[in-house]
Structures are given as C-alpha cells and as structure tokens.
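Got your viewer open? Let's take a short walk from ring to ring.

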Amino acid sequence: MKFRILVLVAALAAALQLAAPSRAQQPALDPPPPPRSQPEFQLGGEVRVAAGDRVGDAVIIFGDAVVAGRVEGDLVAVASTVRLTSTAEVDGEVVAVGGATSVELGARVRGDLVLVGGSYDLPDGFTVGGERVLVGVASEWTLLVSLLRWFSEGLLQGRLIVPGLAWVWMFVALLLAAFLLVQLVFGGAVRSCAGQLASKPLTALLAGLLAVVLIGPLAFLLAISVIGLPLIPVLLLAFLFAGFFGHAAVARWIGSAVVEESSPGDRLQAARSLSIGFAVLCLAYALPVLGLAAWTLAGVLGLGAVTATSFRALRAETRRPPRPLAQAIPAAAGSGPEEDSGAAPEGAAVEPPAAAPVRASFSRRLGSVLLDAVLLALICGLASTGWQLAVLFVLAYHIGLWSWISTTVGGIICRVRVVRADGGALQFADAMVRGLACVFSAAVAGLGWFWCLWDEQGQGWHDRIAGTYVVRSVDEQQAPPYR
C-alpha cells in the first residue's frame, strides 16, 4: 500500500515538471526603467539646480531660478528671473512669461525657447534645438514686470516696500510729500487725530475696527434704499480719504513720541514729527510678514482716530455744553447736583428740582435686551425674513425708537432709557452711531455688551463710542431700587 502511494506521488511530480516551462523557455524580463527625476514647482522663493543635479519638469511662479544642472522636461517661469549657466541643459522647452531671462554661452536647450514679455540677455552664438520665439520682449524692465516683481518679492512675503525696486522709493517720496501737504493744510485736524491716538489708542482701535466692519453693511443699506445709490461712491471716497488722513496722523503720533514737540502748534515741529514717524513706518513696511501687519494696524488706528475725532467734533457742535459727569449721570440715587443756593424772587413759583438720572443696573439692562430679543425673534419668525433683512430690521427698530422716545419696548417694561453724556435725549445721529456700534459690541462674542460690568462709568463699548449712558426712567427715580 505504501509502495503504491509513493509511486503515485512520483508520477504526479513528474507530470508537473513536464507541464512547467523550463527556465530557458521563459521570456526574458525587460530591464527596469531608470528612475525618473522628480518635477520641481516653486511659488515665490528660489529654485537652484546645481551642476550634476537633475530634475524633471520645473515650474517657477513669482520666484527666481538658477539652472546649472539638467532639466529633463520643460522649464516654465511666470514673472520670475531665470538664469541658465554655461553647464545648464534643458531637454524640453524653455517658456518664460514676464520676468528676466539670461543665458550664458554653453547652455543647451534642445526644445523651443519662448519668451513673452519681460527682458532677456542671450549671448551671440547661442542656439536652440527648436524654434526661438520672442513676443513683446523689451531690452529693459517694463512696468508690468516691475509690478509682478513687487508682487512676488513684496506682497507674497508680507511687506509693502521692496528695497530693490527704485519706483517704490519714488512712490514713498511722493507719499511723504502728500502727507506734508495734508499737515500744512489741515494741521489742526491732524494734531487732533494724533492727540486722540496719544490719549485713547484703544478707543481709536475699536472705532477703526467698527468702521471697517460696517462700511459694507452701510453701503448695502444705501444700495437697497435706491435713493442712496449716488452716495455710495461718496462713502467709498470718504473711507479712502479717512484712511489716508489717518496714516498721516499715525505718522505724526509716532514721530511726536520719538521726539517730543515743545510747541504742538509749530509747523516745523509738526513736519519733523510727521517725517520721523513716516520713516519709522517705512522701515516697518519693509520687513517681511511684519510689514503687512504693521500697515494694517496703522490703517485701522488712523481710520479710528479720524472717526472718533469727527464724531466728537460733531457732538460738540450739536449739543449744549455738558454738565460734569458726576452731576449729569450719578452712580446712585441722591448723588445728583447740588441745589442752587440763590434765592427765588419773592412771589415766584418754585419748581421742584428735576431728578438727576441714575445709571441703570445690569439686571435692568439685561432684562430689556432679552425682552427686545424675544419680541424681534417673534416678528422676524412670523415674517419669515432672512438673516440679512432681520439684521436690518433689528437696527431700524433700535435706531428708530432710541431717536423717538430714547428707549425700546423692553426698555419701557424694565423702565430704562438711553441718554447722552449731558443727560439729554438722543438725536437721530446719536441713535445711528449707537446702533451701528452695537453690532461691533455683539460681534466680539458679546464682550462689548458685558464691558459695562467692570467699566467705572457703567458703559459698554457702544456707549463709549456714541457717548451715551443707560439710566433708569424718570418715573423710577424715587422708586425703590429694582431687584
């Protein structure tokens, strides 16, 4: 039995051996292909292919390329500086759009050479394997190429001033001359804005952020009103001029901090401070990454200083002289102004002194806001309005009621109202500023609303920007404290 099994296994093995092709009959495998070089892509920065190195296709955008080795594919450069040394080899095409291209004698290009715009430096005797195509190529830098270089070496690196570009310094000189002209013509306004930055930089920063955030919604409101469409270009021009004017104020503020002005009204000292501050800003704008951040911060601060100074001047023209703060808005009942010691004429009717406004507690303010929120949510929900129209309706609701009765429905129930710093009723301009400022207070996670909890005057950010206070209603002045 065992013998039969062994014979069967041997026969099966022999059959398999006969069925399998011999090694000599097997087809020869192709040799493995040589490893291909990796392609190279660079956005900004620099690409270097050293002598003896190889790359596949090379694509450079807004950068520099120095090739001393071999490019096994195509070399494509957009708004870049390309240099082929004497040992460079390009198996495919060389395509350069904008920028500058220089080739040393001995470099080899087996495909086409295509140069579109920009400048070039090709030695005598240089030939290519394909065709040579030159489209709109000048012998020196064009304005477009220079702008592309500023974009690649400046904006992409986070700075506005590229020291190697001559036209940038010409623009800087013209800007300084414009700032000095603004200082000469509007010296008092520039000094006021610089003083705002020196005394209340945080207020200027918040006002600038508010202006940047609200410029879009304000333009939208003018657009949907139809009759306000002609005012949109005026609004944008005013925004740009305020930013430009604010930069001059920031430059003077920085310069006066470096060298103190003994006489702020002196024009020579003002020009000196502005020039010093402008030089400091230019140094900051030339730093990579930090330059763009410094420009943004200076723009917001300058815009905020102009905005805050303008509203302060507007309030000064439209209001009567305010009483002292402690006399106008006391912190608690009984801390109002002292009675006039002068005796009334004999027989004249003596009117009881008006109750001084008392600042409302946080619980009253919170209750008023919640009641208004519930009411507005119900109205917007029933009307099925989108969030854009809902925001506009909420703004119109508050601005309209504040300018009409100095309070809202929630304020009537909780018996609080909004007054100006002098204790007077809000005008439409005050209500508009406070309503728009409320958007900013709510946008920063509601921090501007809760600021009144630790503010010594009990004001939120929107109250400080608009110059308002939230007080108890007149008929509640003599009532027990609200709990």
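Here is a tour of some aromatic side chains and what sits beside them.

Before you click, note that this is a predicted model, where local features need pLDDT of at least 70, side-chain atom pairs count only at pLDDT 80 or more, and totals for chains, interfaces and linings use all residues. Residues are numbered from 1 along each chain as its sequence is written, and side-chain values use heavy atoms, with hydrogens and water left out.

**Stop one: F179 and F244.** The structure has seven aromatic pairs. Select F179 and F244 for one of them, a tilted pair with 5.0 Å centre to centre and 50° between the planes. (Rings of Phe, Tyr and Trp, the last by its six-membered ring, pair if their centres lie within 6.5 Å; planes under 30 degrees apart are stacked, over 60 edge-to-face, and the rest tilted.) This pair links distant parts of the chain, 65 residues apart: F179 is in helix 3 (residues 166-185) and F244 in helix 6 (residues 231-258). Helices are DSSP runs (H or I, at least four residues), numbered from the N terminus.

Buried or exposed? Buried means under 20% relative accessible area, exposed over 50%, and partly exposed in between (1.4 Å probe, protein chains only). F179 is buried because its relative accessibility is 2%, while F244, at 27%, is partly exposed. Now add F278: F179, F244 and F278 form one aromatic cluster.

**Stop two: F241 and F245.** Both lie in helix 6, four residues apart, about one turn of the helix. Their ring centres are 5.9 Å apart with planes at 40°, so this pair is tilted. F241 is partly exposed at 44%, whereas F245 is buried at 6%.

Definitions and conventions
Helices (H or I, at least four residues) and strands (E, at least two) are DSSP runs, numbered from the N terminus.
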